[in-house]
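Thanks for sharing this one. Below are my notes, in numbered points, for you to read alongside the coordinates.

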Number of protein chains: 12
Amino acid sequence: MINVIKKNILVVNGPNLNMLGLREPEIYGRETLDDIAENMTVRAKELGFTVDFYQSNSEGDLVDRIQVARGKYAALIINAAAFSHTSVAIVDALRLVDFPIIEVHLSNIFAREEFRHHSCISPAANGVICGFGANSYILALEAVRNILS
Amino acid sequence: MINVIKKNILVVNGPNLNMLGLREPEIYGRETLDDIAENMTVRAKELGFTVDFYQSNSEGDLVDRIQVARGKYAALIINAAAFSHTSVAIVDALRLVDFPIIEVHLSNIFAREEFRHHSCISPAANGVICGFGANSYILALEAVRNILS
Amino acid sequence: MINVIKKNILVVNGPNLNMLGLREPEIYGRETLDDIAENMTVRAKELGFTVDFYQSNSEGDLVDRIQVARGKYAALIINAAAFSHTSVAIVDALRLVDFPIIEVHLSNIFAREEFRHHSCISPAANGVICGFGANSYILALEAVRNILS
Amino acid sequence: MINVIKKNILVVNGPNLNMLGLREPEIYGRETLDDIAENMTVRAKELGFTVDFYQSNSEGDLVDRIQVARGKYAALIINAAAFSHTSVAIVDALRLVDFPIIEVHLSNIFAREEFRHHSCISPAANGVICGFGANSYILALEAVRNILS
Amino acid sequence: MINVIKKNILVVNGPNLNMLGLREPEIYGRETLDDIAENMTVRAKELGFTVDFYQSNSEGDLVDRIQVARGKYAALIINAAAFSHTSVAIVDALRLVDFPIIEVHLSNIFAREEFRHHSCISPAANGVICGFGANSYILALEAVRNILS
Amino acid sequence: MINVIKKNILVVNGPNLNMLGLREPEIYGRETLDDIAENMTVRAKELGFTVDFYQSNSEGDLVDRIQVARGKYAALIINAAAFSHTSVAIVDALRLVDFPIIEVHLSNIFAREEFRHHSCISPAANGVICGFGANSYILALEAVRNILS
Amino acid sequence: MINVIKKNILVVNGPNLNMLGLREPEIYGRETLDDIAENMTVRAKELGFTVDFYQSNSEGDLVDRIQVARGKYAALIINAAAFSHTSVAIVDALRLVDFPIIEVHLSNIFAREEFRHHSCISPAANGVICGFGANSYILALEAVRNILS
Amino acid sequence: MINVIKKNILVVNGPNLNMLGLREPEIYGRETLDDIAENMTVRAKELGFTVDFYQSNSEGDLVDRIQVARGKYAALIINAAAFSHTSVAIVDALRLVDFPIIEVHLSNIFAREEFRHHSCISPAANGVICGFGANSYILALEAVRNILS
Amino acid sequence: MINVIKKNILVVNGPNLNMLGLREPEIYGRETLDDIAENMTVRAKELGFTVDFYQSNSEGDLVDRIQVARGKYAALIINAAAFSHTSVAIVDALRLVDFPIIEVHLSNIFAREEFRHHSCISPAANGVICGFGANSYILALEAVRNILS
Amino acid sequence: MINVIKKNILVVNGPNLNMLGLREPEIYGRETLDDIAENMTVRAKELGFTVDFYQSNSEGDLVDRIQVARGKYAALIINAAAFSHTSVAIVDALRLVDFPIIEVHLSNIFAREEFRHHSCISPAANGVICGFGANSYILALEAVRNILS
Amino acid sequence: MINVIKKNILVVNGPNLNMLGLREPEIYGRETLDDIAENMTVRAKELGFTVDFYQSNSEGDLVDRIQVARGKYAALIINAAAFSHTSVAIVDALRLVDFPIIEVHLSNIFAREEFRHHSCISPAANGVICGFGANSYILALEAVRNILS
Amino acid sequence: MINVIKKNILVVNGPNLNMLGLREPEIYGRETLDDIAENMTVRAKELGFTVDFYQSNSEGDLVDRIQVARGKYAALIINAAAFSHTSVAIVDALRLVDFPIIEVHLSNIFAREEFRHHSCISPAANGVICGFGANSYILALEAVRNILS
């Protein structure tokens, strides 16, 4: 059973990430969150993992989802989006889990508005990967493989 | 079809506004959020608009509601109440929509407690109207008419 | 006589607003402060008001003008422009008058440079309307009508 | 009927408190939130009270629960957990109710990380009790009895 | 002998608390610090404790009193009043003792002037109880009983 | 001629002080700035001085008035009102004069809003007298006499 | 008896003021605190007052002295010296008394080191007089006469 | 006509600069603002320019003067003196003009009091020259020639 | 020739990274900077790249090395170590280059001392990878491949 | 007589230093303040000095002790402990004395809690020695010898 | 020999200035640091000076260069570039020299990113010239001539 | 061999200390860094030590020197001068070494400019000695002897 857990990775996405690719695709690209999920599934399979992909605009739902992950996953990849900058509740939920946590961001948050420079989630994560677009998620998969091996 | 969109305005209300008028009416007045909705409907009709009126105490629900508004409304009037001061998620949702946004407040937030002086929503809005009680909403309707004409 | 007072509204404009529309009209529009005054006069008449329109680049003159307004006007609409961010003297003058005060701005000051986000005048006003261009003034007229009725 | 109200106390618990005791019990103790609820029920009965016990990870649900409490309870005991440090919405909801409010925390928040030192909820409460583990809740019951008698 | 120690609690009171109840009793109530001492003695007896009650307006005397308490008491209840906000010396003295420390305040310090929101003593205490008037002291007795049992 | 200078004191008053006593006299008292001038004249005469009394709402006029005072007065008493908190220009003008400067305020500025606690003029004055109403001016006269004798 | 009270003024002096005039008299002048006391006694007599003069280097003693002054004096003149900048305990003691309080300083504290610019005592005083050397005390006597008459 | 404009430079001077050289000439030098104007005229002539020289102690007058300069000058040299540190109104006026702006200061403002280190005017200028006494103005003339050629 | 450039990646390491693995290897691991260089070379080869590896304790040398990289590399991976928090010079050098920049850190800098939370280099990089030990460098290689393909 | 003074050194110790060595000696060492006094006496004798050793938990007593030292000692060594961070009164007393002052601390205060990093006493001392345990005092003796020779 | 010194000016350039003109010349212009050196040499000759021109990316080398300049130059012109904002070492070196120092910047640093607004070097310079591109250096030459004559 | 190490002490000196005594010797004294080295050698010999003395103006060189000291010295005495206030790189290098570190300063840095009050090096040192001129180094030798014995 531990083997099963060791092979399953939870990917948690915060508010407004469900709109990815749907808006002004000629500018922001046509890659949707579903595309990211699909690409992660493919790459995860190559690395010997499966992924569970979750998105919500609700802080409470994200906390719920992280809580039930305890003991069921090998690792957690989280893009908390706007909640990265404000949610102590998600930080506390992350402190509860017992597997590696990778924080990802599509954009380089340090090159954006001042209020996006600080992520309260970072201290609760093993590491941070940001600024590589959808590839940030794939890099997180590689990071997980390395941590677990 | 664009004409239909051009005529429909979404009004979004944040936490605790559902309690308006129910509490100590001898002090705060008897006008409820339903009364405001009704008055807006009447005035909107005069201006050639219809209004969809929404309230929630949940940040996530408000983000959901704003997201689905894309492409379906002529304008958005928002009183984010307490979330005005804390919600980056609502700011991000507002950045996604493609029609004018008017921020309203019943009270003059600049004459209240220090922590209410800053609204993170304001930079994402076209304009701000605050301090006129229920009339702030009606003035927002007038503002929308002017922007759209 | 009170009726007369009830019908007259003072509109006070701060520094550099006299240059409105004169500069790069192809960019900033051709609407001058005189145009705004004229439009307000028309709309005020419809609402049963008259307006006295005043502009000065001098903080002292603005204080003088506000002082002599005591007892002579039904309401005051003020766009203090640059002085919004620096003038305690105008705040003190506004605290002296005994009728409603509406603060207006052409632009959304919260979407501009950091030092324009704070208006020391706001706490002395009944309400604030900003970001609607010349229409901010017209909306202020509507607000005054509502407060006085 | 007032007697009934006078005897019922609402206990509201914020995010992640549902995980209490479930995680590393050899370290943090085996007392769960259910145990706390049970102990409160017993002690409340001795003091002539009943308790309604509520927990949610959702800020919106907590606001909802506090709103409907109006007129139905003798007092409110709240451990807002992570939301203590961030939620203006809960503060606003607490300002709506008309009975005593006691803020409790299991740990001494002033001896923890800097960002936990400030609770925005405290100014809306009658008093604060923190640092006594599960006993903070029992002490709050005693405090309620004293306030109501 | 340990039993004796286990039964004796030191109650330390800071500056101006000796004036309690003597000033404008029709407003602040007639309960004096002597009344509080007496009520604590009664309740302590019920709980199987004795209390030594001390007050001083001098920071140095309070430090002296705390120092000599080492090894002689089962617990310390302290209302450092004004010194809560300024005295590193009392914090250092509290760090020296080897029994539980409960910080109490009559008023909810978080609902008062800004400079009273921070107590430098809190991190040195096991827990904090504030806002319940004279009952804060009685609740502290209950807290001590729970910690020691 | 020095004797003449030694006997003449300039009293400079900043914005809105001309409204003193004219507004809500039943609340703020009926003493006007003219009354203060008259009382100063009487007391000055007793002390062997004459006073020149000046008020303006204009920062520039106040600077002008202070500049021309050089070499013509024995001392300067200044209540810069709102400009106390903002005017570097008046500070620079005060640095130019060669006789004692007394800063006065009617109210205790340290017991008012935060932004009134700091007077940039104080470091340029010999001393400060505030909080004694119109008597602050009379006390300043006594102070001048003492400095000059 | 009230007449007697009305005639007696307490003068409280904080730390290091006892060294006045004893140190480098060729630089700081030869006027000692005793000289100030004597001069105040003379001037007080002229004004129909008596003065009780007190100095201590101990914050606690100063609090004690202020406490016992309740009901026994017509007014309090206080130069808290170094404690002006740090003592909440003295502020609390001053809040207890029921007669006018005048804060004095020998030097102009606003023209000295940054940390001397803020006096926490000022908000508890009726007014402040600083920068006039020993004459600050005499001016305070004049201020008291004016307040009491 | 453009040639004429290209040859005329406006020099604007802020508060208290009219006192230059008049005060303690043995210390600060005997060079007055008139001397500076004269020297600039001479040097300007050599460079093929004429200069209009203006000084005022009034912020409003300075704004007026800058406004009417639009379209009439080849460049603007400004020493806003005390207003450099406080005037948003002058900044806004400078933003209106369409020719190069050089900010000058007689002293090195960065080597003076903390509050003089920040000039809000600098971001609106092409460049800044400070610390060279009257020669700062002459250097500004050279800078203008270089920018215009 | 562009192909050659496209295949060569510069890896720049800041102060004290040369000590990696040499110090307390039983605690910090035995992997040295040479080991990291070797592992990168192997992985780079698999990805079709070569790597140039550079380390210096001198800010100036790092700036020199980055400058000469212009036009010669396909990408830059930089771990500026201590200079991440202080060096504007390195930021300016990075702004000069015309290929992707990846910032890496061995540790999660956001979980360390406060002064390490801010990297001034981040805004000049395409993305940031931190907290994965030596694997941060390998992940950066993967990121480069993705950016360049 | 000057010789006598030249040979006598006052050592002043602040709050809680009297507890040194008495508490958990197996952890903090068994060296008491008496031991330090004795060691200093021995070393002072070798250097040709005598030492007067003083400790108090009272800020006022410490000020008193420093005041009476004027003219009676060759130098002052002070470990103000907790008062180092808060006492302006001790700073003012130190400013009164006319001989060298050495500030010492047992621990390296810069490696402890944030609030211990700042000593307001340091600017009034000739030099500071901290972090060497009891030896800090002995080093201060050596420093005194060097200053006086 | 003094004449020789009087005629030689050292020009010191900080990090990344060696890249001037080499990067995107179509945007930033083709003027290199060598061009600036050449132009300065020509203009210096006209003014009767010679110039020694130095650039380094190393803070230490810049300090070295400034140190050896003592007694060998008539003046120092410095563009410390990035080090302007961070280097206390260069400030200390500048404090050592005994001739005039002119700080120059190509760009108007006050119109750029926040962290470039403060130059720690400015207080150590006689004056500052910034925002005039390469001409800032030439203006500095003129300034030197004026200071030395 | 450990004995040899135990006997050798490295003394590291930061930027501009090489200029000591060379500049204005009539003011700052004629003692050079060489003199200090020589005096340390003499005193070290008496204490049974040898000293290696190093100075550099380059942060990188200082880091290099500290790195190679690992395992080769009994202790490190460092006066980082200007780098004390800015260099994280030196702090990181100091964290690498395995022997006692003493921070010294010639002047009392707490009595100088604000920016010199904070040394980032202090937390990495065992202790700090400052304000005793060249004797600070000798005292550090004594401190080393005490730590090592």
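1. Let me begin with chains J and L. Strand 5 (residues 127–130) of chain J and strand 5 (residues 127–130) of chain L run antiparallel and are joined by 3 bridges. Within that pairing, C130(J) sits opposite V128(L). Please keep in mind throughout that this is a predicted model.

2. The J–L pairing belongs to a wider arrangement. The sheet is open and has 10 strands, in the order 2(J)-1(J)-3(J)-4(J)-5(J)-5(L)-4(L)-3(L)-1(L)-2(L), with mixed pairing. Which strands stand at the edges? They are strand 2 (50–55) of chain J and strand 2 (50–55) of chain L; each has a single partner strand, so one side of each is left without a neighbour in the sheet. Ignoring direction, neighbouring strands of this sheet are turned against each other by 20° on average.

3. A helix of chain J also deserves a look. Helix 4 (residues 59–69) of chain J packs on the sheet, where it touches strand 1 (8–13), strand 2 and strand 3 (75–79) of chain J. The direction of helix 4 makes about 170° with that of strand 1 of chain J.

4. Now to chains A and I. Strand 5 (residues 127–130) of chain A pairs with strand 5 of chain I in the antiparallel sense, over 3 bridges. Here I129(A) has I129(I) as its bridge partner.

5. How much area do chain I and chain A bury between them? The figure is about 1600 Å², with 63% of it on carbon and sulfur atoms. On the side of chain I, the residues that lose the most area to chain A are F110(I), V128(I) and F132(I), together 32% of what that side buries. The contact draws 20 residues from chain I and 20 residues from chain A.

6. For anyone setting up electrostatics, here are the polar terms. Across the interface of chain I and chain A there are 0 salt bridges by the rule applied, while 8 residue pairs are in polar contact, both residues being at pLDDT 80 or more.

7. Finally, the make-up of the chain I side. The elements giving two or more residues to the side that touches chain A are strand 5 (127–130) and helix 6 (135–148) of chain I. Helix 6 of chain I supplies the largest share, 6 residues. Sorted by class, this side of chain I has 12 nonpolar, 7 polar and 1 charged residues.

Definitions and conventions. Residues are numbered from 1 along each chain as its sequence is written. Chains are lettered from A and ligands numbered from 1 in the order in which they are written. This is a predicted model: local features need pLDDT of at least 70, side-chain atom pairs count only at pLDDT 80 or more; totals for chains, interfaces and linings use all residues. Side-chain values use heavy atoms; hydrogens and water are left out. Contact means heavy atoms within 4.5 Å. Buried area is the accessible area (1.4 Å probe) that two parts lose on being put together, summed over both. A salt bridge is a side-chain nitrogen of Lys or Arg within 4 Å of a carboxyl oxygen of Asp or Glu. A polar contact is a pair of N or O atoms within 3.5 Å; within protein, one must be able to donate a hydrogen and the other to accept it, and residues adjacent in sequence count only if both atoms are side-chain atoms. Helices (H or I, at least four residues) and strands (E, at least two) are DSSP runs, numbered from the N terminus. Ala, Val, Leu, Ile, Met, Phe, Trp, Tyr, Cys and Pro count as nonpolar, Asp, Glu, Lys and Arg as charged, and the others, Gly among them, as polar. Two strands pair if DSSP finds at least two bridges between them. Axes are lines fitted to C-alpha atoms, for helices over the stretch in contact, and angles run from 0 to 180 degrees between N-to-C directions.
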